Amino acid sequence: MAGCPYGARSFNWRDPRQYIKNENKEFPFRMKGVVEKCTFCYERLARGLPPACVEVSQGAIVFGDIENPESAVRKILSTNLAIRRKPKLGTNPSIYYLL
Amino acid sequence: MLELSLKGSPRYWGWLFFLAILIGAGFLTYLYQFQVGLGITGMSRDVSWGLYIGQFTFLVGVAASAVTIVLPYYLHNYKKYGRIAVIGEFLAVSSILMCILFIFVDLGQPTRILNVILHPTPSSIMFYDMIVLNVYLILNLLCGWVILMSEKKGAPPPSWIKPFLYIAILWAPSIHIVTAFLYQGLPGRDYWMTAIMAAKFLSSAFASGPSLLVILSMLIRKFTNFDPGKEAIQTLAKTSAYFLVVTILFYLFEVFTAFYSGISSHQYPIIYLFKGLDGYSKLVPVMSICILLAVIGALILVTPPLRKWEVTLTIGAASTFLCMWLEKGITLVVGGFIPNPFGSVFEYWPTLPETIITIGVWALGFFVLTILYKIASSVKEKAIFDKYGEKQIKA
């Protein structure tokens, strides 16, 4: 938690389910007292679906394999200027923000 | 020797009973925390360490400071510390006990505590901290107990204990260096990410520990017939004085680096603590009291007549101890999290349940300390003369 320089991790200070009105039983939830972070919805990726945020962003977020020269992310990065948060810390962040 | 703790005055039992009530209150509140989760504390996504980790950090220093007695005594044969070596070692024992408990109450899933051993993570500093703290606990309990036992029998200490004494001296700084590494190795926390952190941890530890030992020695002299010795108390006060001055200097080095370089991310936590940031200033009063106490403590302990007069000495030692407690036990930890990685301020203040649990852990530490000191003072009262033939009971 304290070590993450991006504020990307959160902690379940209480049981998270009490704050969720409609629980989606298809995907696992985590208990109180553990750390959470974005996993790019790997359960959805395993089914061939994009991460939930990508789906609802209507094209504002592009997700894919940067190693693959044919991928959508690779193409969009080659045409736009992009920045990453705190690259000098050496964490090699793989989220790019288009300018 | 444990039986010595079972005979005491009504005041002794009353004190233990009072502590037991505080421990009970802390324990019941902990059960509530166990049920609901750490959400009952003031900690949040942005400030994920609070009072618990602050107390842990501070008390590791108090524990390490036992070395300020045992090093002059065992390495330099400073005889005046012969009587109080065990006082320092037993303080270390109870401090480490509190440290371990403060880590325990900060765990989100306490039932998984053994995973630190069952599934060790050698890349984590916490893994090493667990090792050094536990070894230090055992070393101090062993050394203090064995030497007190030989004093009780009126025999010289067994020779096999010697290597353990020397290991304990080497081990003491390690516990606090490793604890500093928990902070100074974190990227993106500019208030902590400085190489002087470990040095400042050691210096503030050697200011806070001896100042507490000054007060404890005077209490022991007041409530028992054992006399830790005027000269020993004075030397402790001197140790505390110089390390307090060094700590203040180290802090000023930090301030210089942050402000002369002009790097704003280094300045924000300091501005937050001393002046407030973006209109948030909950810790400014705490920091102001801290500065005031540092000035009082340093003035009294450095000035010989004020240090020698026991009324001012008590005020100076208490100021030093409280100052270091506010700095390390609260502001250092919280200040490091402000502002958050997005540049905004989210403040922390402990909640009532969190405070009760904290008091409960302190009470447990003092419960153990009282029993250990009761045993030590009873042995020393009966031995009458210390190892060097000087009377160690009140005339």
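Contact here means heavy atoms within 4.5 Å. By that criterion, in this predicted model, B:Phe56 touches B:Cys99, B:Phe102, B:Ile103, B:Met126, B:Asp129, B:Leu133, B:Thr179 and B:Leu182, leaving aside residues up to four places away in sequence.

B:Phe56 also belongs to a wider assembly. The largest nonpolar core comprises 119 residues, and B:Phe56 is listed among those with the most contacts inside it, together with B:Trp49, B:Phe102, B:Ile175, B:Trp192 and B:Tyr373. In soluble globular proteins, nonpolar side chains tend to be buried together.

Helix 3 of chain B, residues 67-76, offers a second view of the interior. Its buried residues are B:Val67, B:Thr68, B:Ile69, B:Val70, B:Tyr73 and B:Tyr74. These residues pack against several helices of chain B, namely helix 2 (51-64), helix 4 (85-105), helix 6 (125-153), helix 7 (161-184), helix 8 (196-223) and helix 9 (230-261). Just after helix 3, B:Asn77 adopts a positive phi of about 55°.

The remaining topic is the interface between the two chains. Here 20 residues of chain A are in contact with 24 residues of chain B. The area buried between chain A and chain B is about 1700 Å², and carbon and sulfur atoms give 58% of that area. On the chain A side, A:Ala2, A:Trp13 and A:Lys32 lose the most area to chain B, together 39% of what that side buries. The side of chain A that touches chain B has 10 nonpolar, four polar and six charged residues. Across this interface the rule finds zero salt bridges, whereas eight residue pairs are found in polar contact, with both residues at pLDDT 80 or more.

Notes
Residues are numbered from 1 along each chain as its sequence is written. Chains are lettered from A and ligands numbered from 1 in the order in which they are written. This is a predicted model: local features need pLDDT of at least 70, side-chain atom pairs count only at pLDDT 80 or more; totals for chains, interfaces and linings use all residues. Side-chain values use heavy atoms; hydrogens and water are left out. Buried means under 20% relative accessible area, exposed over 50%, partly exposed in between (1.4 Å probe, protein chains only). Helices (H or I, at least four residues) and strands (E, at least two) are DSSP runs, numbered from the N terminus. A nonpolar core is a set of buried Ala, Val, Leu, Ile, Met, Phe, Trp, Tyr and Cys residues joined through side-chain atoms within 4.5 Å. Buried area is the accessible area (1.4 Å probe) that two parts lose on being put together, summed over both. A salt bridge is a side-chain nitrogen of Lys or Arg within 4 Å of a carboxyl oxygen of Asp or Glu. A polar contact is a pair of N or O atoms within 3.5 Å; within protein, one must be able to donate a hydrogen and the other to accept it, and residues adjacent in sequence count only if both atoms are side-chain atoms. Ala, Val, Leu, Ile, Met, Phe, Trp, Tyr, Cys and Pro count as nonpolar, Asp, Glu, Lys and Arg as charged, and the others, Gly among them, as polar.
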